[in-house]
Amino acid sequence: MIDFELTPEEEKEIAEAHKHAEEELRPIARYYDECEHESPKELIDILWERSKQGSSLLGLGIASALTIEETCWGDAGLMLCNPGSGLGGAAILMSGTQEQQQRFLSKFSEGDEPKWGAMAMTEPECGSDTAAISTTAVQDGDEWVLNGEKIFITAGKRAVDESDGLVVVWATVDKSAGRAGMKPFVVEAGTPGMRVEKVENKLGIRASDTATVIFEDCRIPYENILGSPEVRKLDPSQTAGFRRAMATFDATRPIIAAMALGVGRAALDFVKETLEKEGVEIRYGLPRNKQTAAERDIMDMEANYKAAKMLMLRAVWLMSQFQPNSLEASMAKAKAGLAVTKITQKAIELMGPLGYSRKYLLEKWMRDAKINDIFEGTGQINMLVTARRILDYSREQLK
Amino acid sequence: MISFSPSEEQQMIVNMVKEFATDEMRKIYRECDESGEIPAQIIDTAWEMGFASTYIPEEHQGLGEEHSSLTGSLIAEELAWGDLSMAMHILCPSLVVLPVVEMGTDEQKAKYLPAFCGEKFKAATAALVEPLFNFDANALSTTARPDGNDYILNGAKCFVPLAADADLLMVYAAENGSTQGFIVEKGTPGLEVSEREKNMGIKALATYELTLKDCRIPKENRLGGENGCDFNRILNCSNVALSAMAVGVAKAAFEYSRDYAKDRHAFGEPIASRQTIAFMLAEMAIEIDATRLMTWEAAWKLDRKEDATKEASLTKTYADDMVLMVTDRAVQILGGHGYIREHPVELWLRNGRGFTAFNGMAIV
């Protein structure tokens with residue numbers, strides 16, 4: 001039965017997230033944007049206590065997605081500071097055995113000090129083309145030896161240097177096997193041979209650290225390979241490692257869409273509130289040729305926000321029903337990333353000098369919004385995935 | 001609890017309508033567009049599915065099911081996928097039936113509804129749009145003035161589907177600044193239906209201009225009697241219907257151009273294997289899905305009897321843009337072939353272009 005009503009429990013969670021966003025994130029949002037590499041310690045400690053009861057990024061339902069939207073309405077950069085197993089945890093849940101999930105994830109629900117999990121995929125020479133990674137994992141007795149450089153790791157510094165966290169590193173065990181040789185490995189903080197090389201200065205989401213991590217003869221136990229070490233070459237469509245990386249994206253892309261929507265709605269709310277204070281009313285239902293240009297713009301922004309939100313909810317709902325959602329996840333991510341990029345840019349135009357001034361958060365939201373069109377697959381990659389699915393084309397048929 | 005899954009019953013109805021659209025409508029839609037005629041037989045076949053009588057109370061010979069705009073939007077999408085002209089023709093009687101079922105007085109229900117429960121298609125229609133560039137459904141220039149036991153209607157209307165055949169017309173007019181519905185019977189003095197309109201698209205649908213010159217109707221023909229009607233809700237139900245139809249038209253154009261792009265070779269490979277074409281198709285698919293889901297949400301809100309003005313109007317505007325974008329691209333993907341009437345995409349572009357002008361011409 002088609003239904004858009006939230007359950008009372010969902011309503012409650014969302015309301016709590018909104019309160020958190022409004023009272024704990026908004027007041028410090030500007031500070032941690034200006035002081036880029038400073039850590040919001042107090043906030044992190046509070047969040048760590050909450051997250052221990054907590055949730056992971058996988059098995060996410062409607063409530064979690066909408067909670068993430070609310071949190072990002074507060075601040076997307078601070079949201080990404082949330083301690084917990086994060087994207088690394090998502091990969092472990094998606095690819096790891098029961099034993100591995102227990103071994104690696106239990107520490108995220110205990111201890112007084114916050115911990116972070118991160119995922120390391122991108123390399124200096126490969127971004128969207130994830131199958132082209134050159135970081136290697138070579139077996140040596142009962143260990144794997146990792147060598148390579150990973151960049152753009154969200155929460156990388158916090159996972160490696162600032163906590164007893166972990167990083168899930170994607171490396172190849174057999175370069176000649178292409179995708180089939182790609183495997184995820186868990187490297188725990190403090191492992192010799194793993195170090196943070198630098199932390200990036202960014203356009204937006206500045207409260208979130210984005211690190212480069214180097215692996216130099218980094219030895220990890222053999223059991224830290226997630227899933228099967230076997231390289232299946234016979235059936236290229238059954239490239240287990242790569243497929244699992246992509247399956248992780250099916251879970252994370254709708255979440256990025258939810259994050260995007262939070263930032264977009266922050267901008268929309270600001271515009272509407274500002275206009276309301278000035279006595280400007282948005283007259284829904286008015287014919288187009290009677291609308292003012294501002295009304296038309298705002299309705300267009302709102303409709304685009306709603307379009308992206310519906311696609312996001314559908315992708316999350318499918319996931320919560322354990323139904324395949326690759327197509328829908330990519331559709332949601334492609335739409336949301338671009339929609340909020342445009343919404344926030346337009347909002348600045350509509351607000352004139354208020355939009356451009358750092359006195360308000362709107363200019364920051366435009367900078368924050370843009371990342372959603374880039375990470376976890378750029379808008380273009382998601383268009384490509386969507387196109388392949390609707391055309392029933394392989395990656396060879398549509399490059 | 002959020003869900004995107006139609007009920008079993010809704011799915012059965014969708015399948016039935018889809019089959020009808022595929023087997024019947026799609027066989028003749030080009031012919032109908034060229035000739036401007038829809039065979040009566042196909043309209044009667046559709047009539048048997050009971051789109052009008054379903055929501056008519058049992059005491060008035062209907063099936064007495066609870067009205068659902070959501071189910072209606074699922075039906076409207078499939079019918080419009082088959083053909084927009086035929087879809088509007090088939091659903092046209094609802095323009096009188098649904099407002100009377102929802103807002104009519106007991107007398108109006110008893111007097112007018114049983115006629116829609118017969119075996120043959122019963123034409124009825126609504127006159128909302130006016131031949132003005134700045135038409136506004138909430139500020140009509142057609143007026144209704146009380147005069148003793150009557151109302152006197154004056155004004156001009158256009159895009160009135162099936163006006164020449166309709167036994168009943170729901171005429172919308174301004175009464176003291178608010179829009180109200182007035183049931184006008186065929187042949188009422190002062191009601192003059194002009195010659196059939198010639199439109200860019202929906203060519204198989206017979207639409208008319210009409211004028212009301214001191215057209216006198218009894219007071220009890222005001223929709224809802226003394227209480228009047230909730231015109232906003234009628235407009236919202238209409239916007240949902242038209243949005244669903246826009247999705248249907250767009251889906252038809254998307255599917256055709258997608259299949260063509262996979263078939264058509266250039267430079268040694270299908271044109272669909274080029275990103276410039278593939279990305280056009282991807283964006284079309286994304287926007288079609290988004291619009292459908294927005295339509296569902298607005299319909300869902302209407303079914304809960306909540307005010308859906310914001311949702312329905314935003315969705316309609318979004319759908320207007322979407323269907324034009326999608327049908328235009330479908331023509332573009334076919335290139336020169338898209339411009340030739342051998343292929344259907346030019347027809348869908350002509351139909352798609354109309355949605356910004358279509359107001360109140362369908363209701364679910």
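**Notebook: chain contacts and domains**

I began with a helix pair across the two chains and noted that helix H10 (residues 326-351) of chain A and H8(B) pack at an angle of about 90 degrees, with their axes 10 Å apart. The axes are lines fitted to C-alpha atoms, for helices over the stretch in contact, and the angles run from 0 to 180 degrees between N-to-C directions. Helices here are DSSP runs (H or I, at least four residues), numbered from the N terminus. H10(A) and H8(B) are therefore roughly perpendicular to each other, a term that covers 65 to 115 degrees. I then listed the residues that make this contact, which are Met331(A), Ala334(A) and Lys335(A) of H10(A) and Ile286(B), Asp289(B) and Ala290(B) of H8(B). Two residues are in contact if their C-beta atoms, placed from the backbone, lie within 7 Å. By class, this helix contact has four nonpolar, no polar and two charged residues; Ala, Val, Leu, Ile, Met, Phe, Trp, Tyr, Cys and Pro count as nonpolar, Asp, Glu, Lys and Arg as charged, and the others, Gly among them, as polar.

I kept in mind that this is a predicted model, in which local features need pLDDT of at least 70 and side-chain atom pairs count only at pLDDT 80 or more, while totals for chains, interfaces and linings use all residues. Residues are numbered from 1 along each chain as its sequence is written, and chains are lettered from A and ligands numbered from 1 in the order in which they are written.

**Chain B against chain A**

I looked up the whole contact next, and it takes 34 residues from chain B and 35 residues from chain A. On the chain B side, helix H7 (231-263), helix H8 (275-303) and helix H9 (309-334) each give two or more residues, and H8(B) gives the most, with 13 residues. I found that this side of chain B divides into 20 nonpolar, eight polar and six charged residues.

**Domains**

For chain B, I noted domain 1 (8-117), domain 2 (124-227) and domain 3 (231-356), with bounds that come from an automatic or database domain assignment. The C-alpha centres of domain 1 and domain 2 of chain B lie 22 Å apart, and 21 residues of domain 1 are in contact with 17 residues of domain 2. H4(B) gives the most to the domain 1 side, with five residues.

For chain A, I noted domain 1 (1-82 + 239-399) and domain 2 (89-235), whose centres, taken over C-alpha atoms, are separated by 26 Å. Their contact takes 35 residues from domain 1 and 31 residues from domain 2, and H8(A) gives the most to the domain 1 side, with nine residues.

Key: Parallel < 35°, antiparallel > 145°, perpendicular 65-115°, else oblique.
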